[in-house]
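I opened the notebook to record what I looked up, one entry at a time. The sequence and the structure come before the entries.

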Amino acid sequence: MTRSVWKGPFVDACLFKQKKIRWKIWSRRSCILPQFVGCYAQIYNGKGSVGLKITEEMVGHKFGEFASTRKPSSFGKRALPSKTKIRQKKQVR
């Protein structure tokens, strides 16, 4: 279900307090507002932060949509060869 129209978009209160151009965000559920356009955000994904520049196309979406929390799976892919090379022994006569 979507959020009620009469409630308006959810934005965490700490995002309004910050006056910086660059900030860290832990509130992935907050909506991106037009006043955030042009700012840089570090969005927390559970392990680290993902850098993001906010553009006009992102307005109305949630911050969490732009920071994936899952690794891409490597199931079924061929394993990469090891980086160590096997050297042949020199023959002694």
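**Entry 1. Two aromatic residues.** Are W23 and F36 buried or exposed? I looked up both, and W23 and F36 are each buried. I note here that the model is a predicted one. For F36 the relative accessible area is 4%, and buried means under 20%, so F36 falls under that cut-off.

**Entry 2. The ring pairs.** I looked for aromatic pairs next, and the structure has 4 of them. In one of these, W23 meets F36 edge-to-face, with 5.4 Å centre to centre and 75° between the planes. W23 sits in strand β1, while F36 sits in the loop between β1 and β2, and the two are 13 residues apart. The pair therefore links distant parts of the chain.

I then followed F36 to another ring. F36 also pairs with F63, and this pair is tilted: I wrote down 6.2 Å centre to centre and 40° between the planes. F63 belongs to the segment after β3 and F36 to the loop between β1 and β2, so this pair ties together parts that are 27 residues apart in sequence. F63 is buried, and its relative accessible area is 0%. Taken together, W23, F36 and F63 are linked into a cluster by ring pairs.

**Entry 3. The overall layout.** I stepped back to the whole chain. How many helices and strands does the protein chain have? I found 1 helix and 3 strands. Along the sequence they follow the pattern α-β-β-β.

**Entry 4. The sheet.** In what order do the 3 strands stand in the sheet? The order is β1-β2-β3, the sheet is open and its pairing is mixed. Why is one side of β1 and of β3 left without a neighbour in the sheet? β1 (22–25) and β3 (49–53) stand at the edges and each has a single partner strand, so one side of each stays free of a neighbour there. The twist from one strand to the next averages 25°.

I reminded myself that strands of a sheet pair through backbone hydrogen bonds, either parallel or antiparallel. Here β1 pairs with β2 (residues 40–44) in the parallel sense, over 4 bridges. W23 turned up again at this point: its bridge partner in β2 is A41.

**Entry 5. Y44.** I picked one more aromatic residue, Y44, which lies in strand β2. Y44 has 31% relative accessibility and counts as partly exposed. Leaving aside neighbours within four places in sequence, I listed the residues in contact with Y44: I25, W26, R28 and S49. I also checked Y44 against A67, which is 23 residues away in sequence; their C-alpha atoms are 7.4 Å apart in space.

**Entry 6. Cysteines.** A disulfide is a covalent bond between the sulfur atoms of two cysteines. I searched for disulfides and the structure holds 0. I looked up the burial of two cysteines as well. C31 is buried at a relative accessible area of 8%, and C39 is buried at 12%.

**Entry 7. Totals.** I closed with values for the whole chain. The protein chain has 93 residues, and 22% of them are buried. Its accessible surface is about 8,600 Å², and carbon and sulfur atoms hold 55% of that. Among contacts with a separation of 6 or more, 32% are between residues 24 or more positions apart.

Terms used:
Residues numbered from 1 in each chain as written. Predicted model: local features only at pLDDT ≥ 70, side-chain atom pairs only at ≥ 80, totals over all residues. Heavy atoms only, no water. Pairing = 2+ DSSP bridges. Axes fitted to C-alpha atoms, helices over the stretch in contact; angles between N-to-C directions. Buried < 20%, exposed > 50% of the residue type's maximum accessible area, 1.4 Å probe, protein only. Contact = heavy atoms within 4.5 Å. Areas by Shrake-Rupley, 256 points an atom, 1.4 Å probe, with all protein chains shown as cover. Disulfide = S-S within 2.5 Å. Phe/Tyr/Trp six-rings, centres within 6.5 Å; stacked < 30°, edge-to-face > 60°.
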